[in-house]
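Biologist: I would like a close look at one part of this structure, explained for someone in their first year. Could you take a single residue, tell me about its surroundings, and then walk me outwards from there?

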Protein chains: 2
Amino acid sequence: MERVITISREFGSGGRELGVKLADALGIPFYDKELISMAADDINIAEEAFRYYDEHIEVRDPLDRQFYHAFSEIYQVPMSDQIFVAQSNVIRRLASHGPCVIVGRCADMVLEDSINIFIYSKMKDRIKRMLRLEGETDEKEMERRIREVDRKRKDYYQYYTGNTWGRAQNYHLCLESGLVGVDGCLRAVVAYLGELCGETRN
Amino acid sequence: MERVITISREFGSGGRELGVKLADALGIPFYDKELISMAADDINIAEEAFRYYDEHIEVRDPLDRQFYHAFSEIYQVPMSDQIFVAQSNVIRRLASHGPCVIVGRCADMVLEDSINIFIYSKMKDRIKRMLRLEGETDEKEMERRIREVDRKRKDYYQYYTGNTWGRAQNYHLCLESGLVGVDGCLRAVVAYLGELCGETRN
């Protein structure tokens with residue numbers, strides 16, 4: 001595998017799990033939240049601000065703005081933009097070091113030559129998966145949370161890339177994980193990459 | 001394989017080839033243009049009209065309307081709607097007989113329990129593929145034709161289903177065929193179906 005693989009994902013569809021397993025199968029590094037702290041180191045931004053703005057564009061309501069100002073007064077441009085730029089630089093640096101799997105953070109649009117995957121599933125399957133993973137039982141609250149995270153990711157993607165989130169043609173491979181599970185998706189990705197994987201292994 | 005597999009496709013991306021090879025790999029029937037004549041038999045519509053309206057909604061310009069009236073004067077509803085209904089009935093009848101692969105004709109939305117695949121690729125790759133297949137050399141003309149067929153398919157899909165053509169979440173699996181070819185896509189589909197295929201074979 002010579003090229004970086006990016007994974008975009010609906011919340012609760014198993015994107016992180018697919019990323020970890022795929023990186024493992026291909027014997028290459030996996031990056032997700034780690035990107036945040038690497039980017040934080042890069043420009044010396046408080047990690048709390050980083051976590052807050054990760055995949056989240058600047059919001060307009062007064063409370064959020066108060067938080068935003070606490071961190072942004074020393075900067076010329078909005079904090080969310082600075083963090084996007086810092087993360088994009090980290091993504092490019094990682095890609096230049098060799099193949100890896102990167103989840104989220106618009107990596108598909110930041111890199112020019114990546115192989116891009118999108119994973120999603122029906123709301124009912126995502127609720128079930130997240131309740132199981134988190135040992136929770138409140139379906140309504142989980143659905144609310146899933147919709148909120150998806151909305152933020154979608155706004156973030158569309159704001160920074162100008163592209164439509166979930167448009168199949170933006171990606172090389174798009175997989176519904178409810179029908180065959182994350183392991184079924186993993187099999188499909190590895191089969192799709194086929195000879196491209198073989199090139200590294202041999 | 002207990003379920004029908006539908007394939008939606010951008011023109012020139014290899015959807016028909018994928019369908020034929022997938023049906024062969026799974027040992028189930030393949031339907032494409034055959035649907036047209038089966039539907040024609042069904043309601044006794046002239047096959048010329050059928051070919052004209054296949055994946056093509058009623059158009060507004062005067063010349064087209066003239067053609068339309070020549071065939072539709074004996075009917076109460078627009079010819080394109082009648083053909084859609086006739087094809088949908090054929091699709092449901094085929095699905096009730098057992099698993100098969102159906103290309104196009106909104107089969108993904110006509111059937112409730114199908115496994116739905118979308119295949120696409122970059123314009124430059126589709127032009128190259130179609131020129132090779134048809135032994136042509138005029139790139140500009142081929143691009144014009146590809147855009148025209150795509151526009152018709154998109155309008156047809158959106159008119160009859162109310163859904164967005166190419167939205168990943170409408171399908172179980174979406175594949176870009178330029179990177180790995182139709183055979184790479186076939187490997188990915190078979191791997192994705194995995195145990196679902198195994199169930200039939202055993």
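Modeller: Let's begin with A:Cys106, which counts as buried because its relative accessibility is 4%, under the 20% cut-off for that word. Please keep in mind that this is a predicted model. Does a cysteine like this have a partner, and where is the nearest candidate? A:Cys106 is in no disulfide; the nearest cysteine sulfur belongs to A:Cys174 and is 16 Å away. A disulfide needs two cysteine sulfur atoms within 2.5 Å. Chain B can be read in the same way: B:Cys106 is buried too, at 4% relative accessibility. The closest cysteine sulfur to that of B:Cys106 is in B:Cys174, at 16 Å, which is too far for a bond. A search of the whole structure, over all chains, finds 0 disulfides.

Now for how the two chains are related. Chain A can be laid on chain B by a turn of 180 degrees with a shift of 0.0 Å along the axis, and the RMSD is then 0.0 Å. That is the relation of a two-fold axis. As for where they touch, 100% of the interface residues of chain A are also interface residues in chain B, so the copies meet through the same surface.

From here we can visit another buried residue, A:Arg129, with a relative accessibility of 14%. A:Arg129 sits in helix α7 of chain A, residues 123-134. Setting aside neighbours within four places in sequence, A:Arg129 is in contact with A:Gly12, A:Ser13, A:Gly14, A:Glu17 and A:Val182.

To see how an α7 helix packs, turn to chain B. There, helix α7 (residues 123-134) and helix α8 (residues 139-161) pack at an angle of about 110 degrees, with axes 10 Å apart. That makes α7(B) roughly perpendicular to α8(B). Residues of α7(B) in this contact include B:Met123, B:Ile127 and B:Met130, and those of α8(B) include B:Met142, B:Arg145 and B:Asp150. The contact is made up of 6 nonpolar and 7 charged residues, with no polar ones.

Back in chain A, helix α8 (residues 139-161) also packs with helix α5 (residues 79-97), at about 75 degrees and with axes 12 Å apart. Those two helices, α5(A) and α8(A), are therefore roughly perpendicular. Here A:Ser80, A:Asp81, A:Phe84 and A:Gln87 from α5(A) meet three tyrosines of α8(A), namely A:Tyr156, A:Tyr159 and A:Tyr160. By class, this contact has 4 nonpolar, 2 polar and 1 charged residues.

Methods: Residues numbered from 1 in each chain as written. Chains lettered and ligands numbered in written order. Predicted model: local features only at pLDDT ≥ 70, side-chain atom pairs only at ≥ 80, totals over all residues. Heavy atoms only, no water. Least-squares fit on C-alpha atoms with pLDDT ≥ 70 in both. Contact = heavy atoms within 4.5 Å. Axes fitted to C-alpha atoms, helices over the stretch in contact; angles between N-to-C directions. Helix = DSSP H or I, 4+ residues; strand = E, 2+ residues; numbered from the N terminus. Parallel < 35°, antiparallel > 145°, perpendicular 65-115°, else oblique. Nonpolar A, V, L, I, M, F, W, Y, C, P; charged D, E, K, R; others polar. Buried < 20%, exposed > 50% of the residue type's maximum accessible area, 1.4 Å probe, protein only.
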